[in-house]
Amino acid sequence: MPWLPPNVSTFGSDIDSLFYLVLFATGIAFVLTEAALIIFLVRYRHREGRQATFIHSNRRLEIGWTVVAGVSFFSLALIQQGTWSFIKGSSPPEDQSVLVEVTSRQFEWHVRYPGPDRQFGRVDSARISSNNPLGVDAADPAGQDDIIAPVNSLHVPVNQNILILLRSRDQAFKEVIHSFFVPQLRLKQDALPGQTTKVWFNATQTGSYEIACAELCGLGHYRMRAALTVETREQFEAWLQKVKAGQ
Ligand SMILES: [Cu+2]
């Protein structure tokens, strides 16, 4: 459909089907209610000598539209349940996924890869400074092989499960909620200070996509965007090596 961005996610078509289902249901409700409005406007318009009838209520009608609305919403809840729990309630096993840590802050995205040991080094908000924006503890052995990507760039290999540990830099009173949003992946997830949220996806096409912050997070919200590059495994490994060499 022309109004949706292309889908490059394994679960994207499930999200799109739900979108169209909701659009169809609300479309029917919209047409019916607007038609009733117009019919009533014309039919009961002012006419000389005709008096309005006072109607207090209509129990049958009220029960009718309450039941129809209730059943519709409950059906939607049941229909979407499987998709929701697949995407948000489960994640692929950590040892079979590409691990990435994404940390949001006002107003940028920081990306870190764990290196061969698959362990992220400790971070500590007391160590945060302009040249250590994540507050990485350099003494932690688990962090020795970590790879910190240039600001606002996330690279991932194509056709692989990517497991993101989504964080928001946690400094009391200084941070707010951000939201990691990639329209082409049909993926949106809030990033909360003090909490790590697991987010996963599997991109089916190489290319460059925009990561936007989808939570109004302050004056610089509009410029809080980053680039997601989906590339072949070889290109991804080469990029990691290049970043590591320049670190
Ligand atoms: Cu933001």
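In this predicted model, His178 finds its bridge partner in strand E7 at Ala191. That pairing belongs to a longer contact between strands: E6 and E7, the latter spanning residues 187-191, run antiparallel and share five bridges. The two strands form a hairpin with four residues between them, and within this hairpin Arg186 adopts a positive phi near 55°. Beyond the turn, E7 shows two faces, a covered one made up of Leu187, Gln189 and Ala191 and an uncovered one with Lys188 and Asp190. This pattern fits a general expectation, since side chains in a regular strand alternate between the two faces of the sheet.

His178 also takes part in the metal site. The copper ion is bound through ND1 of His178, SG of Cys213, SG of Cys217 and SD of Met224, at distances of 2.1 to 2.5 Å. The angles among these four donor atoms range from 91 to 122°, and the geometry is classed as tetrahedral, because every angle falls between the limits of 85 and 135 degrees. For orientation, the ideal value for four tetrahedral donors is 109.5 degrees. Along the chain, the copper donors are spaced as H-x34-C-x3-C-x6-M. Among them, His178 and Cys213 connect distant parts of the chain: His178 sits in strand E6 (residues 178-182) and Cys213 in strand E9 (residues 207-213), 35 residues apart.

How accessible are these two donors? His178 has 0% relative accessibility and therefore counts as buried. Cys213, at 8% relative accessibility, is likewise classed as buried. The surroundings of His178 tell a similar story: four of the five residues of E6 are buried, so the strand is largely enclosed by the rest of the structure.

Strand E6 has a partner in E9 too, and here the two run antiparallel with two bridges between them. One of the residue pairs involves a copper donor, with Cys213 of E9 as the bridge partner of Phe180. E9 in turn pairs with strand E10 (residues 225-231), again in the antiparallel sense, over six bridges. In this pairing, Arg225 of E10 stands opposite Ala212.

These pairings can now be placed in the wider sheet. Five strands make up an open sheet with mixed pairing, arranged in the order E4-E10-E9-E6-E7. The edge positions are held by strand E4 (153-157) and by E7; each has a single partner strand, so one side of each lacks a neighbour in the sheet. On average, and with direction ignored, neighbouring strands of the sheet are turned by 20° against each other. Helix H3, covering residues 233-246, lies across E4 and E10 and runs at about 140° to E4.

The hairpin residue Arg186 also has a contact with another part of the chain. Asp16, located in helix H1 (residues 12-43), touches Leu4, Asn7 and Arg186 when residues up to four places away in sequence are not counted. With 13% relative accessibility, Asp16 is counted as buried, because the cut-off lies at 20%.

At the level of the whole protein, the domain assignment gives domain 1 as 12-87 and domain 2 as 94-246. The C-alpha centres of domain 1 and domain 2 are 42 Å apart.

Technical notes: Residues are numbered from 1 along each chain as its sequence is written. This is a predicted model: local features need pLDDT of at least 70, side-chain atom pairs count only at pLDDT 80 or more; totals for chains, interfaces and linings use all residues. Side-chain values use heavy atoms; hydrogens and water are left out. Donors are N, O and S atoms within 2.8 Å of the metal (3.2 Å for Na, K and Ca); water is not among the atoms, so sites may look incomplete. Four donors count as tetrahedral if all angles lie between 85 and 135 degrees; four count as square planar and six as octahedral if opposite donors are over 155 degrees apart and all others between 65 and 115; anything else is irregular. Buried means under 20% relative accessible area, exposed over 50%, partly exposed in between (1.4 Å probe, protein chains only). Two strands pair if DSSP finds at least two bridges between them. Domain bounds come from an automatic or database domain assignment. Axes are lines fitted to C-alpha atoms, for helices over the stretch in contact, and angles run from 0 to 180 degrees between N-to-C directions. Contact means heavy atoms within 4.5 Å.
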